[in-house]
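Reader: Hello! I am new to this structure and would love a close look at a single part of it, the small sheet and what surrounds it. Could you walk me through that part?

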Amino acid sequence: MKKILFLCAAVVLSAAFPAESSAQLKLGGRKLDAGKLLNAGKDVAKAVTLSDADIARLSRESVEWMDANNPVADDSTSYGARLKRLTEGITDAEGLPLNFKVYLVTDVNAFACGDGSIRVFAALMDLMDDDELMSIIGHEIGHVVHADTKHAMKNAYLASAARNAAGAAEGSMLAKLSDSQLGEVVTAFTDAQFSQKQEYAADEYGFQFAVKNGFSPYGMANSLNKLVELSKGAKASTVQKMFSSHPDSEKRAARMKEQADAYMAAQK
C-alpha cells in the first residue's frame, strides 16, 4: 500500500497531535511551496461569506481531488468487497446521500465530508474488526450530520482566504480554486480539531449507528481503546502521530463502554 498524505479528512475520532508546519507540502505527488502564498494585505476572511451550497461544492471538489490522487480499492479487492458488504443498504444519513470508498494507503484514518463522501483507509481496516470499523464510520457520519465538518471546511477556507487573496471570493460566490489554493484549504481542514462536545455527540451517533445496523454496541468503545493504545510508543509512527493518549480519549472510551453496558442490560 502507498503512503499518501490525506487532504480532506476529519481525522479519525480527532485524537490528534498538533500538526507540524512545513515549508513544502506534498499533495498527490506534487510539491507546493507554502512560502509563496500571496499576501492579501487585509483580512480577506472578513469579506468572504460562504453559503451552504458553496461549502457543498468545496467539499465535492476536495473529495474529487482526493479520489484522483489516492489509490482507490475497487469491489474486486478484499478491502473494497469488505466495505461494500458492511455498508450495503446504508444509502443516506438524515436524508444526505452517502458514498463509501477505500483508499489503499498506510495511514490509519477515515474521514467524512459534507457532501456525504465517506473515505476509509486500508490500514484502519486492517486494525479494526467489523463492529469497530462500523462504529468509526458512524462517528464520522455523525460529524457530517451535526454539521461539524461543514463548519470545519468553512473555517479552513476562510483561514486560507485570509492568507491568499487569489483564493478569496466576493459575497457568497466561491471562486474556482487552483491546486495550491485547494491545498491550503484542505491542509487547514485536516488540522482542524473538534470540541469535546462535538466528539461526544459523534461518539453517540457512532454508537447508535452501529446498533441500528446490527453491529455490537461495544464497537465504539473498543475502537477508541485500540486507537489510544496504538498511539503509544513505537506504534505511534504508524498513525503519523495523529492519535495521542490524551485523557479525553480514554474517558470517551470508558463513557461508551458504560453506554454499551446499559444498552445490553436494557435488552435483558
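Author: Happy to; here is a walk through the sheet, its central strand, the helices on it and some charged pairs.

A word on the basis: this is a predicted model, where local features need pLDDT of at least 70, side-chain atom pairs count only at pLDDT 80 or more, and totals for chains, interfaces and linings use all residues. Residues are numbered from 1 along each chain as its sequence is written, and side-chain values use heavy atoms, with hydrogens and water left out.

Helices (H or I, at least four residues) and strands (E, at least two) are DSSP runs, numbered from the N terminus. Two strands pair if DSSP finds at least two bridges between them. The sheet is open, has 3 strands in the order E5-E7-E6, and its pairing is mixed. E5 and E6 stand at the edges with a single partner strand each, so one side of each has no neighbour in the sheet. From one strand to the next, the twist averages 15 degrees (axes are lines fitted to C-alpha atoms, for helices over the stretch in contact, and angles run from 0 to 180 degrees between N-to-C directions).

Now to E7, residues 117-121. Strand E5 (residues 99-103) pairs with E7 in the parallel sense over 5 bridges, and Tyr103 has Phe121 as its bridge partner. Strand E6 (residues 110-112) pairs with E7 in the antiparallel sense over 3 bridges; here Phe111 is partnered by Arg119, while Ala112 stands opposite Ile118. The hairpin of E6 and E7 has 4 residues between the strands, and Gly116 there takes a positive phi near 95 degrees.

In a regular strand the side chains alternate between the two faces of the sheet. In E7, Ser117, Arg119 and Phe121 lie on one side and Ile118 and Val120 on the other, and all are buried (under 20% relative accessible area; exposed is over 50%, partly exposed in between, with a 1.4 Å probe and protein chains only).

What lies on the sheet? Helix H1 (residues 52-69) lies across E5, E6 and E7, at about 35 degrees to E5. Helix H4 (residues 130-145) packs on the sheet too, touching E5, E6 and E7, with its direction at about 30 degrees to that of E6. Contact means heavy atoms within 4.5 Å.

Finally, the charges. A salt bridge is a side-chain nitrogen of Lys or Arg within 4 Å of a carboxyl oxygen of Asp or Glu. Arg119 joins Asp67 and Lys101 in a network of salt bridges. Within helix H1, Glu61 and Arg57 lie 4 residues apart, about one turn of the helix, and their side chains meet in a salt bridge (2.8 Å, N to O).
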